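Please work through the exercises below with the sequence and the 3D view side by side, trying each task before reading its solution.

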Amino acid sequence: MMGNYNIAINDIIHTIITHLTFGDISAIPKLHNMVIWELRVPRILLAFLIGGSLAIAGAVFQSVFRNPLVEPYILGASSGAAFGAALAIVFPIIGVSIQISAFFFGALAVTFAYLLARVRGETPVVTLVLAGVIIGSVFTALVSLLKYLSDDTALREIVFWLMGGFYYATWGDIILLAPITGAGLLILLAMGWKLNILSMGDEEARTLGVNPEKSKFIVIAIATALTAFSVSLVGIIAWVGLMMPHASRILLGPDNRYVIPASFMMGGMYVIVSDTLARTLISSEIPVGIITSVLGAPYLCYLLRSKGKVMFG
């Protein structure tokens, strides 16, 4: 219902039911059909899928790294995706779409971090985090270089992409992301008990019969794919992957078999609310990444105050 163009709830229900039941679409006013079915419904669904994907990716990383202050971008996925998007914007002659370029470089950044951290067949958590910081810094520097080389139009597009937004949500995005998110969610749900064991440490995992390196590789790969796909479609949306898993643990406890589905639902709802605020607070649209950051900063202050002594002594 909310937006610059007001539509009655009865018209919204009628439009959606007509499409879902394959009714006579021609009976729907063209403006209602465009605003509701072509613009708002795919945007809401995409916001829910993106929020859920980032939230469960955050839950995975927090369990693997045993740190509640970790988010999905810790291994450089956001920096790599930002470089890929900026590269496609500044040099459109290469003929690769922004989404494909952002996904490729986001996944590539995490791959580099994982390979850099791997020592003698093992991937220590601390080394992996440091490798992620290093790779992220390199790609951030490359993004800055592309900003310097770009013209005003390309620079503006890069900046807006980096702030995140659902301006161009389409049914094609839903068709692409929904099966990936669904498959990732199901696999992570099935591996929830292994995440519980991984959160105890590598030695404990081996004692309990779980191969920590194999399990970490699988869950990190899935979380990276979800993060890279999400970022490639809508840009960088911060805080969701940090806040929602922790909020789920406060409500349901540390068991990842419950934290993962709860994080998915809460992350989706949080991004829908943030996106609704982004497009209704003022006459022009605010990038949703700004809204999630403004709402998330006070929550990080709470985490630092409540968890800082435990994590940092």
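What follows is a set of four exercises, each with a worked solution.

This is a predicted model, in which local features need pLDDT of at least 70 and side-chain atom pairs count only at pLDDT 80 or more, while totals for chains, interfaces and linings use all residues. Residues are numbered from 1 along each chain as its sequence is written, and side-chain values use heavy atoms, with hydrogens and water left out.

**Exercise 1. Classify the ring pair of Phe48 and Phe264, and place both residues in their helices.**

Rings of Phe, Tyr and Trp (its six-membered ring) pair if their centres lie within 6.5 Å, and planes under 30 degrees apart count as stacked, over 60 as edge-to-face and the rest as tilted. By this rule the count comes to nine aromatic pairs. In the pair in question the centres are 5.4 Å apart and the planes stand at 85 degrees, so Phe48 and Phe264 are edge-to-face. Helices are DSSP runs (H or I, at least four residues), numbered from the N terminus. Phe48 lies in helix H2 (residues 30-65) and Phe264 in helix H12 (residues 256-280), so that the pair links distant parts of the chain, 216 residues apart.

**Exercise 2. Classify the ring pair of Phe83 and Phe139, then describe the setting of helix H3.**

The ring centres of Phe83 and Phe139 are 5.6 Å apart with their planes at 55 degrees, so this pair is tilted. Phe83 belongs to helix H3 (residues 77-90) and Phe139 to helix H5 (residues 125-149), 56 residues apart. Both Phe83 and Phe139 are buried, a term for under 20% relative accessible area, with exposed for over 50% and partly exposed in between (1.4 Å probe, protein chains only). Together with Phe104 and Phe105, they form one aromatic cluster. As for the helix itself, 14 of the 14 residues of H3 are buried, so H3 is largely enclosed by the rest of the structure.

**Exercise 3. Which residues are in contact with Arg249, leaving aside its neighbours within four places in sequence?**

Begin with its place, which is in helix H11 (residues 240-252). With contact taken as heavy atoms within 4.5 Å, the residues are Ala59, Gln62, Ser63, Pro254, Asn256 and Val259. The side chain of Gln62 also makes a polar contact with the side chain of Arg249 at 2.5 Å; such a contact is a pair of N or O atoms within 3.5 Å, where within protein one must be able to donate a hydrogen and the other to accept it, and residues adjacent in sequence count only if both atoms are side-chain atoms.

**Exercise 4. Find what the salt bridge between Glu285 and Arg43 ties together, and compare the burial of the two residues.**

A salt bridge is a side-chain nitrogen of Lys or Arg within 4 Å of a carboxyl oxygen of Asp or Glu, and a search of the whole structure finds eight of them. For Glu285 and Arg43 the closest N and O atoms are 2.4 Å apart. Glu285 lies in the loop between H12 and helix H13 (288-312) and Arg43 in helix H2, so the pair ties together parts that are 242 residues apart in sequence. Glu285 is partly exposed, with a relative accessible area of 31%, whereas Arg43 is buried at 10%.
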